[in-house]
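This report describes selected features of the structure shown below. It is meant to be read with the model open alongside.

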Amino acid sequence: TTFMQNNLAPIPELYVSSDSAQKLKVEAADLVSWDLTPRQICDLELLMNGGFSPLKGFLSEEDYDGVVENMRLADGKLWVMPITLDVSEDFAAKLEPGQDIALRDQEGVILATMTVTDNWTPNKTNEAEKVFGADDQAHPAVHYLHNTAGAVYLGGPITGIQPPMHYDFRARRDTPNELRAYFRKMGWRKVVAFQTRNPLHRAHQELTFRAAREAQANLLIHPVVGMTKPGDVDHFTRVRCYEAVLDKYPTSTTSMSLLPLAMRMAGPREAVWHGQIRKNYGVTHFIVGRDHAGPGSNSQGEDFYGPYDAQDLFRQHEEEMGITMVPFKHMVYVQERAQYEPFDEIEDRDNVTILNISGTELRRRLSEGLEIPEWFSFPEVVSELRKTKPPRAQQGFTVFLTGFSGSGKSTIANAMMVKLMEMGGRPVTLLDGDIVRKNLSSELGFSKEHRDLNILRIGYVASEITKNGGIAICAPIAPYAVTRRKVREAVENYGAFVEVHVATSIEECERRDRKGLYKLAREGKIKEFTGISDPYDVPANPELSIDTEGADVDNCAHQVILKLESMGLIKG
Ligand code: PPS
């Protein structure tokens, strides 16, 4: 099979001709419409452009049963992944058999119409067990199946109107027919594809180049940019990394194209699915590694699949798929020879130093700003990755001061802001209670509902500042613990949240009464006054609690700065 060459004739797509597309789009505006989820948009794109050939639409119930149980469509053709249009029960209930519906993207643009021939409630437990190996929600696709996917599946043929719009890396995106045309034009009769959802390092570059050389083929780096495993490096960063690595291959041997696939992390079935998709893209050879498209460990802490299950299942179906598997070679760096070698080909293993950095170790080094050696990766790749994961002392964070009116929050916040600006490096924004109430929340009063709205707005702004690498200092009363918790969660998506309780007692605040408000509150002239006639939940676990009585402002601000230093957020 290694002598296989590609058949580069065009593959059928599901789009109508451009003349009819305009007409169909107008007619489709009257149909009941379904707003596609991000995953469904990915699936639809590959259905329409032929990437999922031989599928002609979302699976019918009969095809679905065949795929789940035997990895075959009702007509006997190999297909391993259920490509289903999951919808809500309410939406499904209002459809007649055979009804046409419009499929819209998230902006409401009609991408396709679908004739709904099938409408059924799947057995999700069975699907999880048969397709993903276990009904265990530690598997991201099983989690998706139970928590995100609708209860009902619709099946039926698709009529494509237009592909989903992509504004990023347009020159790097190809349909199967565009890639086939490219291979034809370049005279590439044998092409090895490398599937990836991770940044490429030197070992990958070596193994892919070797795989191509051994198959006497050209190389296609074919990374997934649709949906990958939650927590992966974002595709914008990855594509910049891939572009840097592309320059390391001899010119005109290697190309790269982005695949808008929504991965399921289904291991063996996923590998076969990937192979069938690549075949549709005009590829002849496909690299399958150890634990290909593995989802990580299950809720018992064990791997979902055996390390070579994917290779085994692929090998069983290789002939039928018409694409040759190239088993991934485990490449390691041999220090004495200063080069990468396949581990199983090293004969003097005991006499040389073999170096390797695991994925976990790489993430640790990135997050702590430690050295990543040149033998491991390319400087351009490391520098891109460092930008997404700057060391803590360069990441954004939020300091959230909470306490009674007159407790000293604003004074401490102002002193801190100046100290942080003196240090430099990151922009600092002060979201003081008064500033916010003037600029963001001018229509709000002091009811529970209004206070919550006010704090959630502050939290949103602080989380955006944190996301973009700035420092947000917030200084509202924020009397409700539940609301403070929501702000913490919003911020912690992007960086550290440092809750500081300015713990001046209500008696001391009232004694100081700097704005004369406590007097008015006692007289009943201000209603719902925190600490007098309105509640304050004392923070249970703040990062820091400051006693302002007997300490000057400078010292209070310094306490916060020391805390930030001990958390690694600023350099001492
Ligand atoms: S909250 O609860 O977090 O939304 O409050 P905040 O936005 O920080 O606003 C508090 C400031 O508003 C003044 N003020 C009152 N505070 C508490 N309760 C009542 N009823 C009230 N009415 C007006 C008061 O000056 C607070 O300012 P600070 O800076 O905290 O002293």
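What follows deals with a predicted model, and takes up the ligand shell, a sheet and a pair of helices in turn.

## The shell around the ligand

The ligand is surrounded by 21 residues, of which Ser405, Gly433, Phe446, Pro476 and Ile477 come nearest. Helix 15 (433–439) and helix 16 (448–467) are the elements that contribute two or more residues to this shell. In composition, the shell is made up of 9 nonpolar, 6 polar and 6 charged residues.

## The parallel sheet

Five strands form an open sheet in the order 10-9-8-11-12, and their pairing is parallel. Because strand 10 (254–256) and strand 12 (324–327) each have a single partner strand, they stand at the edges, and one side of each is left without a neighbour in the sheet. From one strand to the next, the twist averages 30 degrees.

At one of these edges, strand 9 (residues 218–223) is joined to strand 10 by 3 bridges, and Ile221 has Met256 in strand 10 as its bridge partner. Helix 8 (residues 202–214) packs on the sheet, where it touches strand 8 (191–196), strand 9, strand 11 (285–288) and strand 12, and its direction makes about 140 degrees with that of strand 9.

## Helix 16 against helix 17

The axes of helix 16 and helix 17 (residues 481–492) come within 8 Å and cross at roughly 15 degrees, which makes the two helices roughly parallel; their crossing is right-handed.

Among the residues in this contact are Asp452, Ile455 and Tyr460 of helix 16, which face a set in helix 17 including Lys486 and Val487. The contact as a whole divides into 8 nonpolar, 4 polar and 2 charged residues.

Note on methods. Residues numbered from 1 in each chain as written. Predicted model: local features only at pLDDT ≥ 70, side-chain atom pairs only at ≥ 80, totals over all residues. Near = placed C-beta within 6 Å. Helix = DSSP H or I, 4+ residues; strand = E, 2+ residues; numbered from the N terminus. Nonpolar A, V, L, I, M, F, W, Y, C, P; charged D, E, K, R; others polar. Pairing = 2+ DSSP bridges. Axes fitted to C-alpha atoms, helices over the stretch in contact; angles between N-to-C directions. Contact = placed C-beta atoms within 7 Å. Parallel < 35°, antiparallel > 145°, perpendicular 65-115°, else oblique. Left-handed = near helix turned anticlockwise from the far one by under 90°.
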